[in-house]
Amino acid sequence: MRYNHIKRFLSAALLLAFTAPSGIAEYYNAMEPVSNSTVLSGDVKLTDKNERITLSLRDSDLKQVLRMFADKAGMNIVFHNSVKGKVTLDLVNMPINEAFDLVLQIGGLNYYTQNNTLVVIAKTSNDNAAFSKQEMMVFPVKYVSAAKIATFLNKNVFGMKKPGLSGVDAATVNSATNELIVFGMKSDAAIVEKVIAQLDREPLSKTFAVNHTTPAEMANMICEMLLPSRGSTAGGGGGGGGAPAYVPPTPGVGTAIGGAAGIMTGGAASSESESELKLGEGIVACSVSATGASTGSAAFDVQNLSVSYFPQRGTITLMGGSLEQLNMIEKFIKANDVKQPQAYLDVSIVELNEEGSKEFHNDWRLDSRNWVFSFSGSDTTVGRDSAPGRDPNQELFGNNAYISWQLSYLIENKKARVLANPKVLITNGQESVIDLTQDYVEKVTSEFLSSTSNGTGASGSVQRTYTIGKDKGIKVTLMPFISPDGYVTLNIKPEYATEAGQVTAKTYDPQTGASSDDLQATLLSRRNLDLKNVRIKDNETLAIGGLIQEEDTKTVQKVPVLGDLPVIGAAFRNVISKKTKSELVIMITPKIINDGEGSVADSL
């Protein structure tokens with residue numbers, strides 16, 4: 001009884017030992033990635049039996065060794081005059097076809113089969129073409145350029161001169177039908193079909209909607225920022241190893257996406273004018289292609305990655321490339337196509353003007369029968385009266401002398417306020433301009449017209465040309481950066497210009513001598529600021545002040561000598577004092593707009 005239990009236990013253990021490894025192996029095999037590779041070698045098949053052989057040779061003649069393989073396979077053998085050399089080998093229990101392949105590769109040889117006869121020839125011999133072009137085989141190509149595949153095969157497959165394959169450029173194309181034509185052996189067909197199956201695939205295509213930026217801006221970011229950072233180089237420089245190159249399109253020229261002959265897989269139509277509206281029009285932003293290849297291999301770039309955008313649809317289309325590239329660009333678009341922050345900006349621009357003056361005037365006159373003496377500030381008169389009936393030789397003060405005196409003291413104050421209170425909506429990174437300027441006459445040019453030869457036209461008439469200025473008033477330029485932490489950083493450039501005065505001059509008619517007062521220039525008083533990186537918290541006010549202009553003037557008019565006397569000299573003086581003061585104050589209050597999800601702050 002006990003013996004039966006032990007026997008059952010041992011049987012279960014043996015069964016587990018044989019079945020468990022198989023299940024574990026299947027599990028790990030399922031975890032391994034599938035290899036997407038193609039073996040680029042010929043099908044060297046000396047015999048169908050493929051028996052195993054053991055062979056040990058030292059400095060043996062190649063012809064004798066190959067004759068021994070032919071005898072083993074029961075085939076005839078013919079050697080080209082280019083076959084020579086010796087071989088040393090030790091083979092143990094190796095399939096005969098594999099051993100035959102190794103000897104051919106070591107000896108630099110190739111072989112061709114004609115019925116039951118082997119023809120052995122050196123790879124470097126020019127007579128390879130005579131033996132290799134045994135059949136013409138046609139292979140259709142759907143999505144890519146057959147010419148590109150032919151170049152790839154001739155360089156990377158047939159150009160390697162491996163045993164079992166044609167040792168010459170065997171591939172060519174029929175461009176009209178996009179077909180690949182191979183002049184070679186039956187063994188070439190298998191490798192050509194593998195290459196076509198690997199490369200002739202429908203190009204990947206994916207379209208993305210752009211919601212918060214323009215398709216042109218997003219496409220340019222992909223081309224300028226993302227694709228060059230993945231190893232591309234601008235232009236067609238000699239990057240080794242087939243590195244992709246960023247190729248910008250020619251402006252105004254439509255560019256097709258893809259490379260299949262006779263198949264349009266995408267394109268951009270050219271536009272004669274940027275102002276034209278053409279629904280569905282697409283524009284190619286850039287493409288990435290291979291610019292070169294390492295030694296011994298040919299570049300294969302029939303499915304270049306192209307980035308195009310459709311302005312009217314608001315979409316970006318990717319054509320070609322790999323699935324990994326498309327996924328990479330999709331992540332880039334999702335990370336950067338976010339709402340740009342906006343803010344409501346309340347701007348108050350106030351100019352405070354204050355002007356005051358004091359005027360002290362003395363006007364008096366001494367008038368006798370024969371003499372007059374008067375003082376009125378700017379005009380002082382002393383002398384005999386030469387009016388009719390008066391004798392200038394009489395005494396200074398005759399009968400009936402009169403004195404009149406007028407005293408005036410005037411104080412004047414003026415206050416004014418100029419206010420502009422624009423309210424604007426600003427977007428992150430976009431320049432905004434508040435322009436409250438007005439036109440004014442900057443200059444006037446007069447031209448006197450003369451009469452024409454037939455008598456028409458009025459002599460002495462004036463034709464005036466007016467030059468108009470456009471920068472009088474207030475202009476504020478803003479460049480905002482709205483940060484996710486509730487601050488607004490601004491570049492502020494306020495410009496304020498007021499009229500300070502005018503310059504006039506007379507223009508004369510050379511024929512008649514008539515004149516015209518013309519405005520030669522209008523002088524402006526400017527107060528400008530250029531502030532960088534001014535940081536303001538949300539809903540707080542920034543006040544910019546201190547832009548003050550002051551002007552003090554004092555004018556004294558007096559009678560010589562008498563006006564300088566103490567005390568009584570005040571009666572012979574006029575004094576005018578003026579004071580002007582103006583101050584510009586700018587107040588800015590930002591209010592950040594929070595309109596839900598999808599903003600920059602949510603993407604961080």
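Modeller: In this predicted model, helix H5 and helix H6 cross in the right-handed sense.

Colleague: Which residues make the contact between H5 and H6?

Modeller: From H5 come Ile 149, Phe 152 and Leu 153, and from H6 come Val 192, Val 195, Ile 196 and Leu 199. These residues divide into seven nonpolar, no polar and no charged.

Colleague: What values describe the way H5 and H6 are placed?

Modeller: Two packed helices are described by the angle between their axes and the distance between the axes. For H5 (residues 146-156) and H6 (residues 186-199), the axes come within 11 Å and cross at roughly 130 degrees.

Colleague: Why are H5 and H6 called oblique to each other?

Modeller: Angles of 65 to 115 degrees count as roughly perpendicular and those over 145 as roughly antiparallel. The crossing angle of H5 and H6 is roughly 130 degrees, and H5 and H6 are therefore oblique to each other.

Colleague: I should like to turn to strand E13. What makes E13 largely enclosed by the rest of the structure?

Modeller: A residue counts as buried under 20% relative accessible area. In E13 (residues 305-310), six of the six residues are buried, so E13 is largely enclosed by the rest of the structure.

Colleague: How do you know that both faces of E13 are covered?

Modeller: In a regular strand the side chains alternate between the two faces of the sheet. In E13, Leu 305, Val 307 and Tyr 309 lie on one side, Ser 306, Ser 308 and Phe 310 lie on the other, and all are buried.

Colleague: How do you know that E13 and E14 pair?

Modeller: The pairing requires at least two bridges, and E13 and E14 (residues 315-319) have five, in the antiparallel sense. Within this pairing, Ser 308 has Thr 317 of E14 as its bridge partner. The two strands form a hairpin with four residues between them, and in the turn Gly 314 has a positive phi of about 75 degrees.

Colleague: Which strands form the open sheet with mixed pairing, and in what order?

Modeller: Three strands form this open sheet, in the order E2-E5-E4.

Colleague: What makes E2 and E4 the edge strands?

Modeller: Strand E2 (76-79) and strand E4 (109-114) each pair on one side only. From one strand to the next, the twist averages 25 degrees. Helix H2 (residues 62-73) packs on the sheet and touches E2, E4 and E5, with its direction at about 160 degrees to that of E2.

Colleague: How many bridges join E2 to E5?

Modeller: Four bridges join E2 to E5 (residues 117-122), and the two strands run parallel. Ile 77 has Leu 118 in E5 as its bridge partner.

How values were computed: Residues numbered from 1 in each chain as written. Predicted model: local features only at pLDDT ≥ 70, side-chain atom pairs only at ≥ 80, totals over all residues. Heavy atoms only, no water. Axes fitted to C-alpha atoms, helices over the stretch in contact; angles between N-to-C directions. Contact = heavy atoms within 4.5 Å. Parallel < 35°, antiparallel > 145°, perpendicular 65-115°, else oblique. Left-handed = near helix turned anticlockwise from the far one by under 90°. Nonpolar A, V, L, I, M, F, W, Y, C, P; charged D, E, K, R; others polar. Buried < 20%, exposed > 50% of the residue type's maximum accessible area, 1.4 Å probe, protein only.
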